[in-house]
Every structure is written in structure tokens, then in C-alpha cells.
Amino acid sequence: MDEKRPEDLLPIPEEPDLGGGAHREEEVWDFLREDLPEEGGADASRADPPTRPEGEEPTRQREGGAKKGRRERTASASDGWQAFCSKAGPLIKEWGGKAWAGLKIAGRYLALFLAFAGAKLWQFLKFAGRKTWQFLKFAGRKSWQFLKFAGRNIRRFLLFAGAKIRQFLKFAGRNIWRFLKFLGRHLRAWAIANFALEPAKALGVLLDGLVLKNPALVLLMGVCALLGATSTLRGALGLGLTATAVLLCAEMTLAFLRSIVPERLRVLCSLVVTALFVTLADWGLEVWQRELWQQLGIFVPLLAVNWIILTRLNEFSCRHIPGYAAVDGLGTGLGFTLALCLVGSIREILGTGALWGVPLFGGETAPAPGFAAPYGGFLALAFVLAGAQLVKNLAERRGRA
Amino acid sequence: MTVMQVLSLALTVILAENIVLTGSLGAGPFLRTTGEGRIWLWTGLLMTGIMTLFSVLSWLMGHMLLTPLGLERLLLLADILLLGLLGLGMQFGIKKLLPGAYQVLGKWLPLVTVNSAVLGVALLSGEGCPDLRTAALYGLFSALGFLLVSALFASVRERLRFSKCPKAFEGYPIALVTAALLAMAFMGFSGLKILP
């Protein structure tokens, strides 16, 4: 760097009578301001001779040395110009020199800088251009390579995928068909194993439950329900059908479980299964047949300890496939319902003189009101059982004869 | 509970509202009791124990376990499970402790535990009894009523063995008619009360 300052380069002439730059500047402006009206001539606001000298007076007296030139100036334009030149010349020179020196220095630096910057820029541009060109070449080559590769390989991939999909579809088609056949075969086997019934045997089971070994009329089980819930036919039928449904479900469940349940837990298991279905039946009756449920009261829960159901579960379901269990459940349940309905209709007709709520003998007449009382249950059941025994004896006598 | 209240409950449950003759509960074991080998006595005594125990257990289970849990609707299932376990235990215990009774009762032994009297009394006491003592007394007096009625019935059936009846009525029908007469006789006790 150049150590010289602009002041050193340009000698500034000394001005002994003036204090600072501000005074000189003020003077320059004074001249300019006083010259204007003379040259324009038409400005009315500015052309006010008496006021201007007074306002200018302090500056003139203070300047001292310049007084003469100022008085002469008003005489003509050329005088003013000469005064101006004599006054402004050194100033312009001074300022111009300073500016020129500054400009020269700045120019030198600027030139240096520009040269340097230009060189660098040029270098950079060359470098960048080379690199860009390299990159473009590289990228083009690579993309071209990739496109070639992709084109070749997409085709290969599509061929490959198609082949695989075709293979899989062929495989799946063949195997779904095989799987369906397999499933069908096993379902059929399962159905045959669990539900294949010989019609004769199934009919025998049904008849056993319904008539020949009727649990209520022949074996006298479920007496509690037969006595307690048979005061009307409606209640008897409702309880009988509930018992049938419970028996059917419980027998089938236990027949499915027959290989799992060990011998010694069989009673407990049948108790729990029965209780489960009785609970469900109880809830069902409460929801859908509330009147009947209220009428039956405690006798629906008591189906859970009904020995008809428990005996059939223990003796039949554990030795037979679910199909026969279902038939047996239906037969036994309907046999029980039959007995219930017989006792119920006898008690309702004799006890209240009506059947299913419809009066039979006109009005409130009841042939034997005692049949509606608890002991009537015993009596009615006794007569029904006696009738069953009578039929049985007659049939035996006819068979013997 | 005063003595009079206990006495009143006893009279009501044993005589006026006998579970067998007016409530038709436990009719199965009742009709199967005969005088042979004092089946009626064994049945009655075993049922007394079981009914008292089970009505206490059922009341406890219903009021202490299921109601706080909000499972009142599963009372039947829980009762049956308890009853089954009780029955198994009792069968085992009687086989070991009372071989005589085991031989006499034979195949009717499960019927002594699992019957509508035991479950019905437990359900009724669970619904109707406000406290545990009432439930226990209710179970006990119900069982005593059963014992009383089956003693009467067994003796009547002893007489029936030597009497003639129509062929169609032999066996259970005539026993049922007898039971009906007994029930009719017990109707005379209906409305029996000590306390108003």
C-alpha cells in the first residue's frame, strides 16, 4: 500500500486572514447569491437594493481586505466576474487539487482491485466452466448408461414378474381348489362323524324320549316342575319349551365335549353346562316373555337341578354323537312338555274352569277349585300317571295276547 | 332376633308354608323316600345339613361376593358351581365316613344334594332374608319341614305296601294321591302365625 496521504501529495496554499473552511464556503455562497439578481434582472422579490447592503454590512466589514472589490462589483457585470474569479480561483484550485489527488489514489486502487478481481473472476469462470462441462458430460454419460440399463432391465423385470405372477396364479388356483376340496372333505367327515343318523335309530331315540321312556310319565323325574309350574297350561307349555331348548343345547354341548370331560367330573360338568343354558334362558324369558317369566318365578332357575336334564346329560350325551344327542334332547324335552301340558291343562280346566285363559263352562265356574291349590298338582299328576300306567298295562296285555 | 320371632319363623316355614307340600320344592327326593332301610331318615338328615350349609354359603356368596361386584345375575351359575362342588365333596365324605348310609342311599345320593329343595331354598333365602342368621334359620327350618313331611310320608307308604289299590294306581300314582292328601291336611296350617 502506498503510505502517502492525499495532503502530502498536494501542497495546500496558506490563507492567513481566514479562520476555517466554513467562512470560505459562506463567502462563495454570498457571491453566488448577490450575482443572481443582476443577471436575471426581472426578479422583483430579490431586487431590493436598500435592504440587501444593510444585511450584508457585518460580513463586509469583517472581511476587511475584500471591501473594495465588493463596491466595484455593483458597477458592472465584468467587474463581478473578475472579483469572482480572483476570489474563487484559489478555492477551485485547492478543491480541485484535493479531489484530483483523491481520485487519482482511488483510481489507482480501483484499477489494482479491478485487475485483481478480474483475474480472479476469470479464473473462477474458467474453473466453473470446466467443471460444469465436466459435470454435464459425466451426468449425460451416466444418465444415458442408466437409461440403457433401465430399459434393458425393466423389460427383463416385467418379463420376470409376469412369469412369477403366472406361476403363482397357477399354483394358487390349483391349491385353492385342493384346499377347498380338502376343507369340504373334512367338513363332510366332521358332519358325518357328528351328525350322521340312522333314521330308524333316530326315530327310536325320539320315541323313547317322547313316549316309551317319557322322563316324567314313566320315570317320574322333574316332579318339582310338574307340581309347581302347572297351575295353568300357558305356564306349563312355557316351562316345557324352555326345558326343551335348554336340554337340546346342553346335550349337544356335552356330546361335543364328551371326549374331553373326564369320567369323574361328568356330573359337575353337566351341572355347569345346564346352569349356563338355564341362565341364558332365564335372561331370554325376562326380556321377551316377561309375563311368563314372572308367572314361572323360581321354576326357571330350578331347571338347572332338574334331574331329567342331568340324567340325559350323564347317561346319553356322554355316549352318543351330537346328532343323536340333539334328537334325544328334542324327544325328551317334548316328552316332558307333553307331561307338563297334560297336568297343566287338567289343573287349569278343573281348577279355574278355563283353558289358556279362555273360560270353558261360562263365567267363573270352576269344577274343582282345589286343583289350582298346591295339592291339586299332586292329584292331577297322580291321575295322569295312573292314566299312563293304564295305557301301558293295556298295551302289555294286548302284546301278550 | 327374639325367641318368639324364631318360633314364628319355624312355625311358618315348617307347617304353614312347607316347602314340599305348598312350595312343591324337593318333590323328587320326597316321593322316593320309603321306609326301607330308613332311607327317609338318612335323606332327611343329610338334606338338613346340606340345606342349612348351602343356604348360608349361597347367602354369603350372593351378598358378600356377587352383589359388591355387580354380578347378581350370575347368582344361579355360581350357586350351581358351589352346589356341584358341595355334592362331590359330600359324596366323597359319606363314602368314607358313613358307609352304611352310602349303601342305603346308593344311586339316590346325588339326588340328596342336587335337588330343587336345596337350590330353591337357597335362592328364596338369598332373595328374602335380610341377614345371614335369618338365612341360616330359614334353611334349617325348611329342612326340618322336609324331614317331618318325609317321615309322615314314609310311614304312610309303609301302610300302603300292605293295602290293595287299582292296578293303574300301583306305585307312584297312589303315592302321589297320598302326598296330595298330606298336602290337603297341611293346608289346615295355612295362615298359622304367632306374631301379627
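A crossing of two helices is right-handed if the near helix is turned clockwise from the far one by less than a right angle. That idea comes back in several of the views below, all taken from a predicted model.

**Figure 1. Helices α3 and α7 of chain B cross with a right-handed twist.** Here we're looking at α3(B), which covers residues 39–69, and α7(B), which covers residues 116–128. Their axes come within 9 Å and cross at roughly 40°. That makes the two helices, α3(B) and α7(B), oblique to each other. On the α3(B) side, the residues that meet α7(B) are Met47(B), Ile50(B), Met51(B), Phe54(B), Ser55(B), Ser58(B), Trp59(B) and His63(B). Facing them from α7(B) are Ala117(B), Val118(B), Leu119(B), Val121(B), Ala122(B), Ser125(B) and Gly126(B). Sort the residues of this α3(B)–α7(B) contact by type and you get 10 nonpolar, five polar and no charged.

**Figure 2. Helix α7 of chain B also packs against α8 of chain B.** Stay with α7(B), but turn to its contact with α8(B), residues 132–161. The axes of these two helices are 9 Å apart, and the packing angle is about 150°. With an angle over 145° counting as roughly antiparallel, α7(B) and α8(B) are therefore roughly antiparallel to each other. The crossing of α7(B) and α8(B) is right-handed. From α7(B), the contact takes in Val121(B), Leu124(B) and Ser125(B). From α8(B) come Ala135(B), Tyr138(B), Gly139(B) and Ser142(B). This contact of α7(B) with α8(B) counts four nonpolar residues, three polar and no charged. If Val121(B) and Ser125(B) look familiar, that's fair: both are also among the α7(B) residues that meet α3(B).

**Figure 3. All of chain B is built on a string of helices.** Zoom out for a moment to see where those pairs sit. How many helices and strands does chain B have? The count is nine helices and zero strands, and the pattern along the sequence reads α-α-α-α-α-α-α-α-α. Chain B has 196 residues, and 49% of them count as buried. Among its contacts with a separation of 6 or more, 78% come from residues 24 or more positions apart. The accessible surface of chain B is about 9,100 Å², with 69% of that belonging to carbon and sulfur atoms.

**Figure 4. Ser24 of chain B sits in a loop with a positive phi.** The loop in question runs between α1 (3–16) and α2 (27–32) of chain B. Phi of Ser24(B) is near 55°, a positive value in a residue other than glycine. Is Ser24(B) buried or exposed? Its relative accessibility is 5%, so Ser24(B) counts as buried.

**Figure 5. Pro301 of chain A touches residues of both chains.** Now for chain A, where Pro301(A) lies in the loop between α10 (290–296) and α11 (307–315). Pro301(A) has a relative accessible area of 12%, so this residue is buried. Leaving aside residues up to four places away in sequence, Pro301(A) touches Val278(A) and Asp282(A), along with Leu76(B), Leu119(B) and Leu123(B). Leu119(B) is one of the residues of α7(B) that meet α3(B). Pro301(A) and Ala281(A) are 20 residues apart in sequence, with 9.0 Å between them in space, C-alpha to C-alpha.

**Figure 6. Helices α8 and α11 of chain A pack together.** In this view, α8(A), residues 233–256, packs with α11(A) at an angle of about 25°, and their axes are 10 Å apart. That makes α8(A) roughly parallel to α11(A). The crossing of α8(A) and α11(A) is right-handed. Val246(A), Leu247(A), Ala250(A), Glu251(A) and Leu254(A) are the α8(A) residues here, and they meet Ile309(A), Arg312(A) and Leu313(A) of α11(A). By type, the residues of this α8(A)–α11(A) contact are six nonpolar, no polar and two charged.

**Figure 7. Arg266 of chain A is a buried residue in helix α9.** The helix, α9 of chain A, covers residues 266–288. With a relative accessible area of 14%, Arg266(A) is buried. Not counting residues up to four places away in sequence, Arg266(A) touches Val261(A), Asn314(A), Cys318(A) and Arg319(A).

Terms used:
Residues numbered from 1 in each chain as written. Chains lettered and ligands numbered in written order. Predicted model: local features only at pLDDT ≥ 70, side-chain atom pairs only at ≥ 80, totals over all residues. Heavy atoms only, no water. Axes fitted to C-alpha atoms, helices over the stretch in contact; angles between N-to-C directions. Helix = DSSP H or I, 4+ residues; strand = E, 2+ residues; numbered from the N terminus. Parallel < 35°, antiparallel > 145°, perpendicular 65-115°, else oblique. Contact = heavy atoms within 4.5 Å. Nonpolar A, V, L, I, M, F, W, Y, C, P; charged D, E, K, R; others polar. Buried < 20%, exposed > 50% of the residue type's maximum accessible area, 1.4 Å probe, protein only. Areas by Shrake-Rupley, 256 points an atom, 1.4 Å probe, with all protein chains shown as cover.
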